[in-house]
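Open your viewer, load the model and keep the selection panel handy. We will move from the whole chain to single side chains.

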Amino acid sequence: MKHLIIYAHPNEVSLNNHFRQIVEKILREQNHEVEVRDLYQIGFNPVLSLEDMEGQRRGTVNEEVRKEQEYIAWADAITFIYPIWWTGMPGIMKGYIDRVFSYGFAYRYDQGVQKGLLGGKSAYIINSHGKSASEYEQIGMDNALKLTSDKGIYTYCGFEIQQHFFFDRADSATTEIVEEWTSKIIDVYTQN
């Protein structure tokens with residue numbers, strides 16, 4: 001299987017980078033073809049410009065966006081790894097989606113009805129956040145995050161979500177908790 005990892009965290013020693021390394025290792029051990037797009041490392045420009053918007057209307061994209069779309073088209077499965085900051089994804093990841101998941105590539109409208117164009121692809125999402133799961137549940141943020149990312153982006157574009165992890169209190173996680181989370185990730189990627 002061809003598996004793409006889209007990763008967004010600037011710190012090479014972050015928990016998110018640990019997750020990226022684990023996913024990549026598991027996939028390679030299972031002889032999957034793996035590509036990693038580290039958005040900070042490649043210096044992806046997250047700013048959706050007027051030129052981008054006009055190009056999308058014409059069905060054209062610039063070289064940077066075209067290259068990322070080729071990776072997505074190539075992949076059978078995509079893992080998105082990023083922290084939750086201010087109850088959302090980092091700006092670089094949101095900008096990636098704004099620019100790369102463009103009209104005519106990731107979705108379109110047929111007679112006014114939205115159609116996801118990335119069907120047949122699986123998605124895995126791994127998020128860390130500082131708040132506790134119970135705090136997010138109390139205010140409905142857990143459901144809001146799933147609604148805005150899972151339904152509003154990933155399934156909207158046609159992905160079949162296999163798993164969405166939310167690892168809470170990530171800034172104070174003990175070694176034992178990180179090992180538990182790592183085991184959960186390993187279980188999901190070895191079952192599919």
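Here is a tour in five stops, starting wide and then zooming in.

Before you click, note that this is a predicted model, where local features need pLDDT of at least 70, side-chain atom pairs count only at pLDDT 80 or more, and totals for chains, interfaces and linings use all residues. Residues are numbered from 1 along each chain as its sequence is written, and side-chain values use heavy atoms, with hydrogens and water left out.

**Stop 1: the whole chain**

Show the cartoon. The protein chain has seven helices and seven strands; these are DSSP runs numbered from the N terminus, with helices being H or I of at least four residues and strands E of at least two. Trace them from the N terminus and you should read β-α-β-α-α-β-α-β-β-β-α-α-β-α. The radius of gyration is 17 Å, close to the 16 Å that the globule rule gives for 192 residues, so the chain is as compact as a globular protein of that length. That radius is taken over C-alpha atoms, and the rule is 2.2 Å times the number of residues to the power 0.38. Along its principal axes, the C-alpha trace spans about 50 × 40 × 30 Å.

Now colour by accessibility. Buried residues make up 45% of the 192; buried means under 20% relative accessible area, exposed over 50%, and partly exposed in between (1.4 Å probe, protein chains only).

**Stop 2: helix H2**

Select residues 50-58, which form helix H2. Asp52, Gly55 and Gln56 are buried here. Look down the axis of H2: its buried residues fall within an arc of 105 degrees, so they line one face of the helix. The arc is that of the directions from the helix axis to the C-beta atoms. Turn to the face away from the buried side to find the exposed Leu50, Glu51, Arg57 and Arg58. Just after H2 comes Gly59, with a positive phi near 85 degrees.

**Stop 3: helix H4 and Arg99**

What covers the buried residues of H2? Helix H4 (91-100) is included in that cover. Select Arg99, which lies in H4. Arg99 counts as buried, at 2% relative accessibility. Leaving aside residues up to four places away in sequence, its contacts (heavy atoms within 4.5 Å) include Asp52 and Gln56, along with Phe44, Glu64 and Gln69.

**Stop 4: the aromatic rings**

Show all Phe, Tyr and Trp side chains. Across the whole structure there are 16 aromatic pairs; rings (for Trp, the six-membered one) pair if their centres lie within 6.5 Å, with planes under 30 degrees apart counted as stacked, over 60 as edge-to-face and the rest as tilted. Zoom to Phe80 and Phe101: their ring centres are 6.3 Å apart and their planes at 70 degrees, so this pair is edge-to-face. Phe80 lies in strand S3 (residues 77-83) and Phe101 in the loop between H4 and strand S4 (107-110), so the pair ties together parts 21 residues apart in sequence. Phe80 is buried at 0% relative accessible area, and Phe101 is buried at 5%. Widen the selection to Phe44, Phe80, Tyr96, Phe101, Tyr154 and Phe159, which form one aromatic cluster.

**Stop 5: Arg169**

Finish in the loop between strand S7 (160-167) and helix H7 (175-191), where Arg169 is found. Is Arg169 buried or partly exposed? At 46% relative accessibility, Arg169 counts as partly exposed. Not counting residues up to four places away in sequence, Arg169 touches His129, Gly130, Lys131 and Ser132.
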